[in-house]
Amino acid sequence: MKLKNILIVVSDIEKSKQFYHDLFGLDVVLDNDGNVILTEGLVLQDEKIWRQFLGKEIVPRNHSCELYFEERDIEAFIEKLERLYPSIQYVNRLMEHSWGQKVIRFYDLDGNLIEVGTPME
């Protein structure tokens, strides 16, 4: 068995597709009416579908998981993030862990937590 996809709930599929393309270069593999599969296995699902399926409210910024990306040139990534999405909400701006890894954490447009760190080689 292998893990195939990670699904996150979003309020605006089009804005989220643009966000993940702009920042991470993810492209649409399949767009199926409120369910969008992006490259790297990330799935965006319209919150209306998710709410109807679960019968529960969506809890943004629930701090129970994060999407993790690695980027060698993290300073260039931060410049792009701040240029394209100047009102992004940060959990922490660029910091360096004691083991030498640089990381930044912020929320996407729907409150899904994202961490971008330098590779651990």
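In the predicted model, helix α2, formed by residues 47-54, lies across β1, β3 and β4 and runs at about 80 degrees to β4. The strands it crosses belong to an open sheet of 4 strands, arranged in the order β1-β4-β3-β2 with mixed pairing. Strands β1 (6-10) and β2 (28-31) form the edges of this sheet, each pairing on one side only. On average, and with direction ignored, neighbouring strands are turned by 20 degrees against each other.

Strand β1 pairs with β4 (residues 42-46) in the parallel sense, over 5 bridges. Within this pairing, Val10 has Asp46 of β4 as its bridge partner. Helix α1, comprising residues 13-24, also packs on the sheet, where it touches β1, β2, β3 (35-38) and β4. The direction of α1 makes about 160 degrees with that of β4.

The length of α1 was compared with the expected helical rise. At 1.5 Å a residue, the 12 residues of α1 should span 16 Å, and the end C-alpha atoms are indeed 16 Å apart, so the two values agree. The buried residues of this helix are Ile13, Ser16, Lys17, Phe19, Tyr20, Leu23 and Phe24. Viewed down the helix axis, the buried residues of α1 fall within an arc of 160 degrees and therefore line one face of the helix. Such spacing follows from helical geometry: an α-helix has 3.6 residues a turn, so residues three or four places apart point the same way. Glu14 and Lys15, both exposed, are carried on the face of α1 turned away from its buried side.

Both ends of α1 show local features. At the N-terminal end, Asp12 acts as a cap, with a side-chain oxygen placed 3.1 Å from the backbone nitrogen of Glu14. Just after the helix, Gly25 adopts a positive phi of about 70 degrees.

Val29 was examined as a residue of strand β2, one of the two edge strands. The relative accessibility of Val29 is 56%; because exposed residues are those over 50%, Val29 counts as exposed. Contacts of Val29, leaving aside residues up to four places away in sequence, are made with Ile37, Leu38 and Thr39. Of these, Thr39 is 10 residues from Val29 along the chain, and the C-alpha atoms of the two residues are separated by 6.1 Å.

Terms used: Residues numbered from 1 in each chain as written. Heavy atoms only, no water. Pairing = 2+ DSSP bridges. Axes fitted to C-alpha atoms, helices over the stretch in contact; angles between N-to-C directions. Contact = heavy atoms within 4.5 Å. Expected span 1.5 Å × (residues − 1). Buried < 20%, exposed > 50% of the residue type's maximum accessible area, 1.4 Å probe, protein only. Arc of directions from axis to C-beta. Polar contact = N/O pair within 3.5 Å; in protein donor to acceptor, adjacent residues only side chain to side chain.
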